[in-house]
Amino acid sequence: GILTEGSVEVASVVNNHVDDFGDEGYTDTVKSLENAGLLVGEDCVPVYFEKNGIKIGLVCCNLWGQWQLGFVEDALEEMADKCDYKIVFFHGGTEGRHMPDNYKIDACRELAESGLCDLIVGAHPHVLQPLEVVDGVPIMYSIGNFCFAGNNYPENKTVIFKANLTKNDDGSISAETKIVPCYVYTGDINSFQPAIITDEEDKQEILTMLSAPVDYIEETEPTTTTAPQTEAQTEEYITEETEEIFFEETEAPSEAYTEE
(Lines give C-alpha, C1' and ligand atoms only; values in the text may rest on other atoms or scores of the structure.)
Protein backbone atom coordinates (compact mmCIF):
# COMPACT_ATOMS: atom_id res chain seq x y z
CA GLY A 1 0.00 0.00 0.00
CA ILE A 2 2.84 2.40 0.77
CA LEU A 3 4.29 1.77 -2.70
CA THR A 4 1.06 2.41 -4.56
CA GLU A 5 0.36 5.52 -2.45
CA GLY A 6 3.74 6.75 -3.65
CA SER A 7 2.78 6.16 -7.32
CA VAL A 8 5.08 3.15 -7.72
CA GLU A 9 3.73 0.91 -10.49
CA VAL A 10 6.44 -1.73 -10.97
CA ALA A 11 8.58 -3.40 -8.29
CA SER A 12 11.67 -5.51 -8.91
CA VAL A 13 12.26 -8.54 -6.69
CA VAL A 14 15.69 -9.24 -8.20
CA ASN A 15 18.36 -8.74 -5.57
CA ASN A 16 20.79 -10.59 -3.32
CA HIS A 17 18.34 -10.79 -0.38
CA VAL A 18 15.37 -12.15 -2.28
CA ASP A 19 15.90 -15.70 -0.94
CA ASP A 20 16.59 -14.72 2.69
CA PHE A 21 13.29 -16.36 3.72
CA GLY A 22 13.32 -19.17 1.19
CA ASP A 23 10.81 -20.06 -1.49
CA GLU A 24 7.84 -19.33 0.78
CA GLY A 25 9.11 -15.84 1.55
CA TYR A 26 9.72 -15.12 -2.12
CA THR A 27 6.26 -16.33 -3.17
CA ASP A 28 4.61 -14.37 -0.37
CA THR A 29 6.43 -11.19 -1.42
CA VAL A 30 5.40 -11.53 -5.06
CA LYS A 31 1.76 -12.22 -4.09
CA SER A 32 1.70 -9.22 -1.76
CA LEU A 33 2.96 -6.92 -4.50
CA GLU A 34 0.53 -8.30 -7.06
CA ASN A 35 -2.40 -8.02 -4.61
CA ALA A 36 -1.51 -4.35 -4.16
CA GLY A 37 -1.82 -3.87 -7.91
CA LEU A 38 1.86 -3.67 -8.79
CA LEU A 39 3.61 -5.29 -11.70
CA VAL A 40 6.47 -7.50 -10.47
CA GLY A 41 9.85 -7.72 -12.14
CA GLU A 42 11.36 -11.19 -11.70
CA ASP A 43 14.79 -12.25 -12.93
CA CYS A 44 14.97 -11.89 -16.74
CA VAL A 45 11.17 -12.16 -17.10
CA PRO A 46 9.96 -9.34 -19.38
CA VAL A 47 7.44 -6.89 -17.91
CA TYR A 48 5.28 -4.79 -20.23
CA PHE A 49 3.24 -1.68 -19.57
CA GLU A 50 1.91 1.22 -21.59
CA LYS A 51 1.97 4.93 -20.75
CA ASN A 52 0.44 7.61 -22.96
CA GLY A 53 0.54 5.41 -26.03
CA ILE A 54 4.15 4.29 -25.51
CA LYS A 55 4.69 0.56 -24.95
CA ILE A 56 7.52 0.00 -22.48
CA GLY A 57 9.34 -3.24 -21.79
CA LEU A 58 11.38 -3.81 -18.62
CA VAL A 59 13.90 -6.52 -17.80
CA CYS A 60 14.90 -6.81 -14.14
CA CYS A 61 17.99 -8.96 -13.74
CA ASN A 62 21.02 -9.95 -11.73
CA LEU A 63 24.36 -8.81 -13.11
CA TRP A 64 27.26 -10.21 -11.08
CA GLY A 65 29.42 -11.07 -14.07
CA GLN A 66 29.43 -10.97 -17.85
CA TRP A 67 28.42 -14.63 -17.91
CA GLN A 68 24.86 -13.49 -17.11
CA LEU A 69 24.56 -11.29 -20.21
CA GLY A 70 23.16 -14.15 -22.28
CA PHE A 71 20.06 -14.40 -20.07
CA VAL A 72 19.50 -10.65 -20.28
CA GLU A 73 19.95 -10.58 -24.05
CA ASP A 74 17.53 -13.51 -24.50
CA ALA A 75 14.85 -11.56 -22.59
CA LEU A 76 15.50 -8.41 -24.63
CA GLU A 77 15.29 -10.34 -27.89
CA GLU A 78 11.94 -11.76 -26.78
CA MET A 79 10.72 -8.17 -26.25
CA ALA A 80 12.03 -6.82 -29.56
CA ASP A 81 8.73 -6.55 -31.44
CA LYS A 82 6.47 -6.10 -28.43
CA CYS A 83 7.36 -2.62 -27.19
CA ASP A 84 8.65 0.81 -28.22
CA TYR A 85 11.21 1.34 -25.45
CA LYS A 86 13.23 -1.26 -23.55
CA ILE A 87 14.77 -0.78 -20.09
CA VAL A 88 17.27 -2.99 -18.25
CA PHE A 89 17.22 -2.63 -14.45
CA PHE A 90 20.00 -4.72 -12.95
CA HIS A 91 21.30 -5.61 -9.50
CA GLY A 92 25.03 -6.13 -9.07
CA GLY A 93 28.47 -4.75 -8.32
CA THR A 94 30.59 -4.02 -5.27
CA GLU A 95 29.02 -2.17 -2.36
CA GLY A 96 30.28 1.26 -1.39
CA ARG A 97 32.27 1.85 -4.57
CA HIS A 98 31.63 5.08 -6.48
CA MET A 99 33.07 3.74 -9.72
CA PRO A 100 31.54 0.64 -11.38
CA ASP A 101 33.37 -2.68 -11.35
CA ASN A 102 35.34 -3.44 -14.50
CA TYR A 103 33.05 -6.34 -15.45
CA LYS A 104 30.03 -4.07 -15.00
CA ILE A 105 31.47 -1.44 -17.33
CA ASP A 106 32.11 -4.08 -20.00
CA ALA A 107 28.71 -5.73 -19.57
CA CYS A 108 26.70 -2.51 -19.66
CA ARG A 109 28.60 -1.14 -22.64
CA GLU A 110 28.11 -4.41 -24.49
CA LEU A 111 24.37 -4.24 -23.82
CA ALA A 112 24.23 -0.64 -25.00
CA GLU A 113 26.19 -1.42 -28.16
CA SER A 114 23.96 -4.44 -28.92
CA GLY A 115 21.04 -2.20 -29.82
CA LEU A 116 18.72 -4.42 -27.79
CA CYS A 117 17.83 -1.83 -25.13
CA ASP A 118 17.31 1.92 -24.74
CA LEU A 119 18.13 2.55 -21.07
CA ILE A 120 20.23 0.73 -18.42
CA VAL A 121 19.92 1.42 -14.69
CA GLY A 122 21.83 -0.37 -11.93
CA ALA A 123 21.42 -0.95 -8.20
CA HIS A 124 23.12 -2.66 -5.23
CA PRO A 125 26.26 -0.60 -4.38
CA HIS A 126 24.17 1.63 -2.02
CA VAL A 127 26.02 4.69 -3.34
CA LEU A 128 25.78 6.68 -6.55
CA GLN A 129 27.92 5.84 -9.55
CA PRO A 130 28.38 7.86 -12.75
CA LEU A 131 26.04 8.16 -15.69
CA GLU A 132 27.42 7.74 -19.19
CA VAL A 133 25.85 7.47 -22.63
CA VAL A 134 27.02 4.71 -24.99
CA ASP A 135 25.64 4.56 -28.54
CA GLY A 136 22.77 6.76 -27.44
CA VAL A 137 21.89 4.51 -24.49
CA PRO A 138 22.10 6.14 -21.02
CA ILE A 139 23.79 3.89 -18.44
CA MET A 140 23.17 4.79 -14.80
CA TYR A 141 25.64 2.41 -13.17
CA SER A 142 24.20 2.73 -9.67
CA ILE A 143 21.12 4.63 -8.58
CA GLY A 144 22.28 4.41 -4.94
CA ASN A 145 19.85 4.43 -2.02
CA PHE A 146 16.61 6.37 -1.98
CA CYS A 147 14.34 5.50 0.93
CA PHE A 148 16.69 3.16 2.77
CA ALA A 149 16.03 1.40 6.08
CA GLY A 150 19.18 -0.69 6.37
CA ASN A 151 21.42 1.81 8.13
CA ASN A 152 21.04 4.81 10.47
CA TYR A 153 23.69 6.77 8.57
CA PRO A 154 23.71 5.84 4.88
CA GLU A 155 25.61 8.09 2.51
CA ASN A 156 23.27 11.05 2.27
CA LYS A 157 23.38 11.54 -1.50
CA THR A 158 20.80 10.23 -3.93
CA VAL A 159 18.87 11.27 -7.02
CA ILE A 160 15.59 10.99 -8.83
CA PHE A 161 16.54 9.73 -12.28
CA LYS A 162 13.99 10.73 -14.90
CA ALA A 163 13.59 9.60 -18.49
CA ASN A 164 10.96 11.61 -20.35
CA LEU A 165 9.81 9.75 -23.47
CA THR A 166 8.24 11.30 -26.55
CA LYS A 167 6.62 9.38 -29.38
CA ASN A 168 7.35 11.17 -32.63
CA ASP A 169 5.06 11.41 -35.67
CA ASP A 170 7.05 8.68 -37.44
CA GLY A 171 6.55 6.30 -34.51
CA SER A 172 10.11 6.61 -33.21
CA ILE A 173 10.81 7.31 -29.54
CA SER A 174 13.04 10.11 -28.29
CA ALA A 175 14.13 10.29 -24.66
CA GLU A 176 15.50 13.03 -22.42
CA THR A 177 17.14 12.03 -19.15
CA LYS A 178 17.25 14.37 -16.16
CA ILE A 179 18.85 14.23 -12.73
CA VAL A 180 17.19 15.61 -9.59
CA PRO A 181 19.71 15.59 -6.69
CA CYS A 182 18.20 14.56 -3.36
CA TYR A 183 19.10 13.80 0.23
CA VAL A 184 18.37 10.28 1.47
CA TYR A 185 17.29 11.92 4.73
CA THR A 186 17.23 15.30 6.47
CA GLY A 187 18.22 15.92 10.05
CA ASP A 188 20.79 14.08 12.13
CA ILE A 189 19.73 10.51 11.43
CA ASN A 190 18.06 8.46 8.70
CA SER A 191 14.36 9.38 8.74
CA PHE A 192 13.38 7.39 5.62
CA GLN A 193 12.23 10.66 4.04
CA PRO A 194 14.18 11.66 0.92
CA ALA A 195 14.11 15.35 0.04
CA ILE A 196 15.00 17.32 -3.08
CA ILE A 197 18.19 19.34 -2.56
CA THR A 198 17.98 23.12 -2.85
CA ASP A 199 21.45 23.92 -1.47
CA GLU A 200 23.54 24.64 -4.57
CA GLU A 201 26.82 23.36 -3.11
CA ASP A 202 25.33 20.02 -2.04
CA LYS A 203 23.52 19.76 -5.35
CA GLN A 204 26.70 20.36 -7.33
CA GLU A 205 28.59 17.73 -5.32
CA ILE A 206 26.16 15.07 -6.52
CA LEU A 207 26.14 16.31 -10.11
CA THR A 208 29.94 16.26 -10.14
CA MET A 209 29.95 12.68 -8.83
CA LEU A 210 27.49 11.51 -11.49
CA SER A 211 29.37 13.18 -14.34
CA ALA A 212 32.70 11.57 -13.46
CA PRO A 213 34.38 9.87 -16.44
CA VAL A 214 33.82 6.11 -16.24
CA ASP A 215 37.14 4.31 -16.13
CA TYR A 216 38.47 0.89 -15.21
CA ILE A 217 39.59 0.31 -11.63
CA GLU A 218 43.12 -0.89 -10.90
CA GLU A 219 43.04 -4.51 -9.78
CA THR A 220 45.12 -3.64 -6.70
CA GLU A 221 42.45 -1.28 -5.34
CA PRO A 222 40.97 -2.60 -2.06
CA THR A 223 37.25 -3.39 -2.16
CA THR A 224 34.61 -4.64 0.25
CA THR A 225 33.72 -7.53 -2.04
CA THR A 226 34.85 -9.11 -5.27
CA ALA A 227 32.32 -9.32 -8.07
CA PRO A 228 31.73 -13.00 -8.91
CA GLN A 229 32.39 -14.21 -12.44
CA THR A 230 30.59 -17.58 -12.29
CA GLU A 231 27.29 -18.84 -10.94
CA ALA A 232 29.07 -20.69 -8.12
CA GLN A 233 30.92 -17.54 -7.08
CA THR A 234 27.63 -15.63 -7.11
CA GLU A 235 26.23 -18.07 -4.52
CA GLU A 236 29.26 -17.48 -2.29
CA TYR A 237 29.11 -13.71 -2.76
CA ILE A 238 25.45 -13.50 -1.78
CA THR A 239 26.14 -15.55 1.35
CA GLU A 240 29.19 -13.61 2.53
CA GLU A 241 28.24 -10.11 1.36
CA THR A 242 29.31 -7.20 3.60
CA GLU A 243 27.26 -4.11 4.41
CA GLU A 244 30.12 -1.58 4.63
CA ILE A 245 28.97 1.39 2.54
CA PHE A 246 30.99 4.42 3.64
CA PHE A 247 33.51 5.64 1.07
CA GLU A 248 34.79 8.97 -0.22
CA GLU A 249 34.21 10.10 -3.77
CA THR A 250 37.13 11.58 -5.69
CA GLU A 251 35.94 11.66 -9.29
CA ALA A 252 36.20 14.68 -11.58
CA PRO A 253 33.25 16.14 -13.57
CA SER A 254 32.24 15.67 -17.18
CA GLU A 255 29.10 16.36 -19.20
CA ALA A 256 27.06 13.14 -19.46
CA TYR A 257 23.58 14.30 -18.50
CA THR A 258 21.21 17.25 -18.20
CA GLU A 259 20.25 18.73 -14.86
CA GLU A 260 16.75 19.68 -13.75
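Trainee: Why is the crossing of H3 past H4 called right-handed?
Mentor: The near helix is turned clockwise from the far one by less than a right angle; anticlockwise would be left-handed. H3 passes H4 in the right-handed sense. Helices (H or I, at least four residues) and strands (E, at least two) are DSSP runs numbered from the N terminus. This is a predicted model: local features need pLDDT of at least 70, side-chain atom pairs count only at pLDDT 80 or more, and totals for chains, interfaces and linings use all residues. Residues are numbered from 1 along each chain as its sequence is written, and side-chain values use heavy atoms, with hydrogens and water left out.

Trainee: What makes H3 roughly parallel to H4?
Mentor: Their packing angle is about 25 degrees, and the axes lie 11 Å apart. Axes are lines fitted to C-alpha atoms over the stretch in contact, with angles from 0 to 180 degrees between N-to-C directions. Under 35 degrees counts as roughly parallel, over 145 as roughly antiparallel, 65 to 115 as roughly perpendicular, the rest as oblique. So H3 is roughly parallel to H4.

Trainee: Which residues of H3 and H4 meet?
Mentor: From H3, Leu-69, Val-72, Glu-73 and Leu-76. They meet Ala-107, Glu-110 and Leu-111 of H4. Contact means heavy atoms within 4.5 Å. Beyond its neighbours within four places in sequence, Leu-76 touches Val-59, Lys-86, Val-88, Leu-111, Leu-116 and Cys-117.

Trainee: What makes the largest nonpolar core a core?
Mentor: A core is a set of buried Ala, Val, Leu, Ile, Met, Phe, Trp, Tyr and Cys residues joined through side-chain atoms within 4.5 Å. This one has 29 residues; Leu-76, Val-88, Leu-111 and Ile-120 have the most contacts inside it. Strands E4 (54-62), E5 (85-91) and E8 (137-140) each give two or more residues, as do helices H3 (69-79) and H4 (102-114). H4 gives the largest share, six residues. Another core lies apart, with 24 residues, including Leu-58 and Leu-128.

Trainee: How do you know that both faces of E8 are covered?
Mentor: Buried means under 20% relative accessible area, exposed over 50%, partly exposed in between (1.4 Å probe, protein chains only). Val-137 and Ile-139 on one side meet the buried condition, as do Pro-138 and Met-140 on the other.

Trainee: Why is E7 said to pair with E8?
Mentor: Pairing takes at least two DSSP bridges. E7 (residues 131-134) has four to E8, running antiparallel, so they pair. Val-133 partners Pro-138 there. E6 (residues 119-123) has two to E8, running parallel, so that is a pair too. Val-121 stands opposite Met-140.
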